Amino acid sequence: MPHFCVNCGAMLVPREIEGRMLEACPNDDFVLWRDPKLVTAVVVEAPGGIVLGRRAIEPGRGLWCLPGGFVNQDEGPIEAALRECAEEICAQVEVTGLVGVYHIAKPDAPSMVAIGYRARLMDGERPEPGTEMLELGVFALDSLPPLAFPSHREIVDDFVRSRAQPGATAPLPGGAAARHVVRPSPARAQSRQPRKP
């Protein structure tokens, strides 16, 4: 599929830039950089295990996953993690640490960088499935169902390892847990197209 310059409208052509072939404008300095998308995934701890949702949308419809999704332009990664939990498991959570940062290669789409967080349910919260989930479950770490995405499996595996090694989980910047209260925007929820890692 051809791409065009945002400045002059010319069709982009292959050009070697910084040792790699990229699409660039033949008339000016516009380069189509294929930068990765930023996503979050949250390991939400609950009595008896972690919270997983069974997806109501593609990709991976009917399979289990961590709550999470793409970071919007007007929010930071922690804000996105909190918003996605509010949307997908209808619960407020407290982000308590960083599990890790992961590169997700995509052969037919831009790659992604996933930030895996650990969190706990805020007092009194009872998760319920949001519109993108068929159902929710709390699963013990030694009896998890197959997960929709390899990146989620990697995040859970690293979470399990971090629990076995006290102090291995990276703290959040500033040393404080994130406690923002986030409710999904009805207008944004209606306008967003489902996109998941």
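The expected span of a helix is 1.5 Å times one less than its number of residues. In this predicted model, helix H1 covers residues 77–88 and has 12 residues, for which a span of 16 Å is expected. The C-alpha atoms at its two ends lie 16 Å apart, in agreement with that value. H1 is mostly covered, with nine of its 12 residues buried. The buried residues are Ala 80, Ala 81, Leu 82, Arg 83, Glu 84, Cys 85, Ala 86, Glu 87 and Glu 88. Following H1 is Cys 90, which has a positive phi, near 50 degrees.

An open sheet is formed by three strands in the order E1-E2-E3, with antiparallel pairing. Strands E1 (13–17) and E3 (31–32) occupy the edges and have a single partner strand each, so one side of each lacks a neighbour in the sheet. Strand E2, residues 20–24, is joined to E3 by two bridges, and E2 and E3 run antiparallel. Across from Leu 32 in E3 stands Glu 23.

Cysteine pairing was examined over the whole structure, and zero disulfides were found. A disulfide is a covalent bond between the sulfur atoms of two cysteines. For Cys 25, the closest cysteine sulfur belongs to Cys 8, at a distance of 3.6 Å, which is too far for a bond; the cut-off for a disulfide is 2.5 Å. Cys 25 has a relative accessibility of 0% and therefore counts as buried. Cys 65, at 1% relative accessibility, also counts as buried.

Technical notes: Residues numbered from 1 in each chain as written. Predicted model: local features only at pLDDT ≥ 70, side-chain atom pairs only at ≥ 80, totals over all residues. Heavy atoms only, no water. Buried < 20%, exposed > 50% of the residue type's maximum accessible area, 1.4 Å probe, protein only. Helix = DSSP H or I, 4+ residues; strand = E, 2+ residues; numbered from the N terminus. Pairing = 2+ DSSP bridges.
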